[in-house]
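These are my notebook entries on a single protein chain. I record what I looked up, entry by entry.

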Amino acid sequence: MTEQQQAPATQAAPPGSPDAVVTRLRGAALRLAYGLRIPAAEHGLTPTRLAALVALAAHGPLRVGDLARRLGTSAPSVSRLLDILVDADLVARRADPVDQRAALLVLTPGGTAVLDAVCRESLDRLTAPVTALPADDLARLAAALPVLESLADSLAPGSLPDADRPA
């Protein structure tokens, strides 16, 4: 690439500007999300499989179409996903008492156990570094939680249940 063809140099946003905050927040959120996904991956759960289990735990039993809407995908995609989850004995199809032509999806005891383990292990991964924070950093983190929760809600409203959030 010649000097004339080089891409323009990008200037870093001034510290504290919205652009700088967004860039740092995105990076931190991605690293946190990656670290918190490790237990799910160790249990053989992709993010989509985990999302399906979480949705069924929070809102089940559900029909295929209802689960697809909750996951923001199509019923055929969810059907393929369910084949995997049923084969792994994490989800079961049950007859819908209202419509015998339809099936309801429920977590199996194995699915509940895996989901509980993933949640527990994810919390354990986060607990150690948070409890190691100095008191003033912990206080700043606690004070930032309402803002972070509001941002999460604005980006993905109702995407996951949040039973730990105070009312």
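**Entry 1: a leucine and its surroundings**

Leaving aside neighbours within four places in sequence, which residues is L85 in contact with? I worked from a predicted model, and this holds for every entry here. I found L85 in contact with R49, A52, L53, L90 and V91, once its neighbours within four places in sequence are left aside.

**Entry 2: the core**

I then looked up the largest nonpolar core and found that it has 22 residues. L85 is listed among those with the most contacts inside this core, together with L45, L53, L67 and V91. Two of these, L53 and V91, had already appeared as contacts of L85. I next asked which elements give two or more residues to the core. They are the helices α2 (47–59), α3 (64–71), α4 (75–87) and α5 (109–131), and the strand β2 (103–107). The most comes from α2, which gives six residues. I noted as background that nonpolar side chains tend to be buried together in soluble globular proteins.

**Entry 3: overall layout**

I looked up the elements of the protein and found six helices and two strands. Read from the N terminus, their order is α-α-α-α-β-β-α-α. The protein has 167 residues, and buried residues make up 22% of them. I also looked up the contacts with a separation of 6 or more, of which 46% join residues 24 or more positions apart.

**Entry 4: α3 against α4**

At what angle do α3 and α4 pack? I found an angle of about 105 degrees, with the axes 9 Å apart. That angle makes α3 roughly perpendicular to α4. On the α3 side the contact is made by V64, L67, A68 and L71, and on the α4 side by A75, V78, S79, L81 and L82. I sorted the residues of this contact by type and obtained eight nonpolar, one polar and no charged.

**Entry 5: α1 against α5**

I turned to helix α1 (residues 18–42), whose axis comes within 9 Å of that of α5. The two axes cross at roughly 140 degrees, and the crossing is right-handed. From α1 the contact takes L32, G35, L36, I38, P39, A40 and E42. From α5 it takes V118, E121, S122, R125 and L126. How do the residues of this contact divide by type? I recorded seven nonpolar, two polar and three charged. The contact of α3 with α4, by comparison, has no charged residues.

**Entry 6: T108 and D89**

Is T108 buried or exposed? I found T108 in the loop between β2 and α5. Its relative accessible area is 5%, under the 20% limit, so T108 counts as buried. Leaving aside neighbours within four places in sequence, T108 is in contact with D89, L90, V91 and A92. L90 and V91 are also on the contact list of L85.

I followed D89 further and placed it in the loop between α4 and β1 (91–95). D89 has a positive phi of about 60 degrees although it is not a glycine. At 47% relative accessibility, D89 counts as partly exposed.

**Entry 7: a cis peptide bond**

Which residues does a cis peptide bond join? I found this bond between G60 and P61, with omega at about -5 degrees. P61 lies in the loop between α2 and α3.

Note on methods. Residues numbered from 1 in each chain as written. Predicted model: local features only at pLDDT ≥ 70, side-chain atom pairs only at ≥ 80, totals over all residues. Heavy atoms only, no water. Core = buried A, V, L, I, M, F, W, Y, C linked by side-chain atoms within 4.5 Å. Buried < 20%, exposed > 50% of the residue type's maximum accessible area, 1.4 Å probe, protein only. Helix = DSSP H or I, 4+ residues; strand = E, 2+ residues; numbered from the N terminus. Contact = heavy atoms within 4.5 Å. Axes fitted to C-alpha atoms, helices over the stretch in contact; angles between N-to-C directions. Parallel < 35°, antiparallel > 145°, perpendicular 65-115°, else oblique. Nonpolar A, V, L, I, M, F, W, Y, C, P; charged D, E, K, R; others polar. Left-handed = near helix turned anticlockwise from the far one by under 90°.
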